[in-house]
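Good morning, colleagues. Please take a moment to look at the sequence and the structure on the screen before we go through them together.

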Amino acid sequence: MRHLYFIFEFTGFLIGFPIGLLLGFFIFIFSSKPVDVKDPDIKSLSECDSNSLVDLFSEIPPWVKHPDFERIDWLNKALHDMWPYLDKAICKIIRNTAEPIFAEYTGCLQSQYLPTEFSNIGFQSLNLGTFPPTIYGIRVHETNENELVIEPAIRWAGIPHITVVVKLLSVQFIVQLMDVQVFAMPRIILRPLVPTFPCFGNITVTLIDKPYVDFGLRLLGGDVMAIPGFYQFFQEYIRNQVASLYLWPQTLNIPILQAPLSGTIKKPVGILHVKILKAKKLLKMDIIGTSDPYVIIQLTGESLPPKKTSIKMRNLNPEWNEDFNLTVKDPESQFIQFNVVDWDKFGTHDPMGMQILPLKSLTPDNTQEFTLDLVKNKNPYDPQNKKKRGQLVVQLTYNPFKEESSSGIHDSGPLDGHQLIDAKKLGIKSRNRSRRQSMSIDMSSQLHAAGLLLVTVQGAEELESKLYESPNPYVLVLFKGEKRKTKMIKRSHRPYWNEEFQFVVEEATLKESIRFAVKSKKRHLFAYRFRKKELLGYIDINFSDVVYNGRIRGEYNLINSRNGVIHVELHWSAT
């Protein structure tokens with residue numbers, strides 16, 4: 001009997017379901033009346049009211065709002081026609097750049113526990129879609145410098161197909177980037193202008209305003225941005241990261257011509273001595289009405305890590321009296337930036353205020369004290385900058401380098417102890433100074449030197465390892481207790497680094513030496529397996545040789561190596 005009821009119910013469902021769909025279709029067709037679609041009202045901007053203009057203001061092209069912007073429809077037409085080819089070329093560059101990075105990450109997983117076939121990262125699909133970026137307007141600045149300044153307003157609402165597959169063991173994770181929107185106004189500087197095609201040696205890119213970046217992200221087919229609160233947090237985080245890297249005065253430098261032709265590779269021209277004295281009337285960032293401030297110091301256009309002061313706990317009027325030295329490459333265009341930050345034990349540290357100061361306002365070889373009013377950001381039109389955030393008191397001294405003692409490049413060699421040199425040109429300070437302006441002193445005496453030591457590790461040859469068939473070499477440079485390390489080159493007997501390091505020398509004896517230690521290390525995946533390091537060879541170069549010659553470049557046979565050779569260059573600039 002129960003089976004009979006089931007048959008009747010199933011039969012009724014099969015008959016009733018299509019009948020219900022058919023009846024609903026006819027009711028929808030014959031009961032709804034057609035509605036005429038009205039044409040949109042088209043008005044000129046002068047006929048719109050103030051509320052409509054406010055709503056439309058963000059969509060108005062810059063060439064309408066600003067008279068110095070120009071329309072370039074011809075360039076947008078050219079971009080549209082060339083986009084299929086530009087898409088392939090840009091994607092090829094992205095692949096060539098990203099694949100070595102992916103290989104480096106997966107290399108540490110390729111061991112006896114995780115073979116190569118069980119760990120991999122790669123692109124499943126990569127194209128930027130059919131819609132090219134649109135330039136809504138462009139303006140060109142005229143300057144007295146040997147440069148060309150261009151500011152385009154760029155918008156790109158593309159539909160790219162970017163899919164990355166991460167394979168770990170037997171599990172595949174598919175990450176998809178979609179619906180990308182980017183609105184930005186970069187400043188592009190072509191300098192210097194040279195009589196060699198393409199007639200400029202370097203491209204400098206910076207952002208005038210904070211860019212707008214929006215995109216969708218899918219993981220394993222699910223929309224990650226649909227997680228409550230994650231969308232706003234992640235989008236704002238990406239925008240802040242882009243702004244911190246490239247928002248003015250931060251820049252991105254792209255060399256075009258080689259150094260002899262372009263002259264764009266800037267060498268240090270002086271040392272900036274910074275002394276953080278104190279701060280006054282800082283903001284109360286903690287619940288208990290205090291703050292834990294410290295200061296971050298950095299020069300614009302410099303890729304070195306920023307300097308940081310110590311943390312003053314629970315203090316709104318801290319005193320540091322801490323000294324720092326920064327190398328200056330272009331005093332006419334560089335700025336020094338101070339960021340006062342509140343330290344937090346958990347989470348991110350909160351910014352309390354910042355200020356920038358152009359180096360061209362400093363008088364060389366003169367100590368100057370500044371009392372800086374802290375602001376929220378670098379935007380001078382931001383009304384939040386009117387809020388009082390305290391003051392920072394600093395001392396700055398810019399010491400430009402003196403002319404080099406010799407223009408040639410010398411091979412290293414033993415220094416004659418009885419040779420007389422001009423101590424003033426080499427930046428050498430004697431404990432017992434003579435009243436004579438030009439003095440000649442014996443190199444064998446106890447002397448001190450001040451200036452900048454530039455060390456370039458170019459490469460090595462014929463490296464051999466006793467532990468592994470192919471070493472993973474890197475170079476450790478040691479001078480005056482400071483260490484600098486090159487990147488590690490995997491599985492190479494002839495590595496090439498071409499990395500430059502800087503040592504700011506306030507006072508160093510000429511009896512010191514610079515050590516170059518070539519080492520190799522083997523990475524293992526699991527924590528209980530220690531990283532095995534091996535010394536492949538080393539050399540020591542006398543600091544006095546570099547000071548006397550001004551510049552040394554050559555190849556040196558490694559000690560404790562059968563055939564190993566290292567190529568280095570050292571350059572001394574005195575203050």
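**Salt bridges, a pocket and one histidine**

Arg187 counts as partly exposed, because its relative accessibility is 25%. Please keep in mind throughout that this is a predicted model. I begin with Arg187 on account of its partner: its side chain meets that of Glu151 in a salt bridge, with 2.7 Å from N to O. The two residues belong to distant parts of the chain, 36 residues apart, with Glu151 in strand 3 and Arg187 in strand 6. Is Glu151 buried or exposed? Glu151 is buried, since its relative accessible area is 0%, and buried here means under 20%. The pair does not stand alone, for Arg139 joins Glu151 and Arg187 in a network of salt bridges.

How many salt bridges does the structure hold in total? There are ten, and I should like to present two others.

One of them is formed by the side chains of Arg562 and Glu464, at 3.1 Å from N to O. Arg562 sits in the loop between strand 28 and strand 29, and Glu464 in the loop between strand 22 (residues 447-461) and strand 23 (residues 473-479), so this salt bridge ties together parts that are 98 residues apart in sequence. Arg562 is exposed, with 67% relative accessibility, whereas Glu464 is partly exposed at 34%.

The other joins the side chains of Glu569 and Arg551, with an N to O distance of 3.9 Å. Because Glu569 lies in strand 29 and Arg551 in strand 28, the parts tied together are 18 residues apart in sequence. Glu569 is buried, with a relative accessible area of 17%, while Arg551 is partly exposed at 23%.

Let us stay with strand 29, which spans residues 565-574 and also contains His567. Why does His567 count as buried? The reason is that its relative accessible area is 17%, and the limit for a buried residue is under 20%. Its side chain makes a polar contact with the side chain of Glu461, at 3.0 Å. Leaving aside residues up to four places away in sequence, His567 touches Thr456, Val457, Gln458, Gly459, Glu461, Gly554 and Glu555.

In the loop between strand 28 (residues 551-557) and strand 29 we also find Asn560. Its phi is near 65°, a positive value in a residue other than glycine. Asn560 is exposed, with a relative accessible area of 60%. A positive phi, of about 50°, is likewise found at Asp179, which is not a glycine either. Asp179 belongs to strand 5, residues 171-184, and is partly exposed, with a relative accessible area of 45%.

My last topic is the second largest pocket, whose volume is about 1,200 Å³. It is lined by 29 residues, and those closest to its centre are Pro133, Ile154, Trp156, Val182 and Ala184. Among the elements that give two or more residues to this lining are strand 3 (residues 148-158), strand 5, strand 6 (residues 186-193) and helix 5 (residues 230-246). Which element supplies the largest share of the lining? That is helix 4, with six residues. As for the character of the lining, 28 of its residues are nonpolar, none is polar and one is charged.

Strands 3 and 6 thus appear twice in this account: they contribute to the pocket lining, and they carry Glu151 and Arg187 respectively. Thank you for your attention.

Key: Residues numbered from 1 in each chain as written. Predicted model: local features only at pLDDT ≥ 70, side-chain atom pairs only at ≥ 80, totals over all residues. Heavy atoms only, no water. Helix = DSSP H or I, 4+ residues; strand = E, 2+ residues; numbered from the N terminus. Buried < 20%, exposed > 50% of the residue type's maximum accessible area, 1.4 Å probe, protein only. Polar contact = N/O pair within 3.5 Å; in protein donor to acceptor, adjacent residues only side chain to side chain. Contact = heavy atoms within 4.5 Å. 1 Å grid on protein atoms, 1.4 Å probe; cavity = no way out; pocket = protein on both sides within 12 Å on 5 of 7 lines; lining within 4 Å. Points joined across faces, edges and corners; volume = space filled by probe spheres on them. Nonpolar A, V, L, I, M, F, W, Y, C, P; charged D, E, K, R; others polar. Salt bridge = Lys/Arg side-chain N within 4 Å of Asp/Glu carboxyl O.
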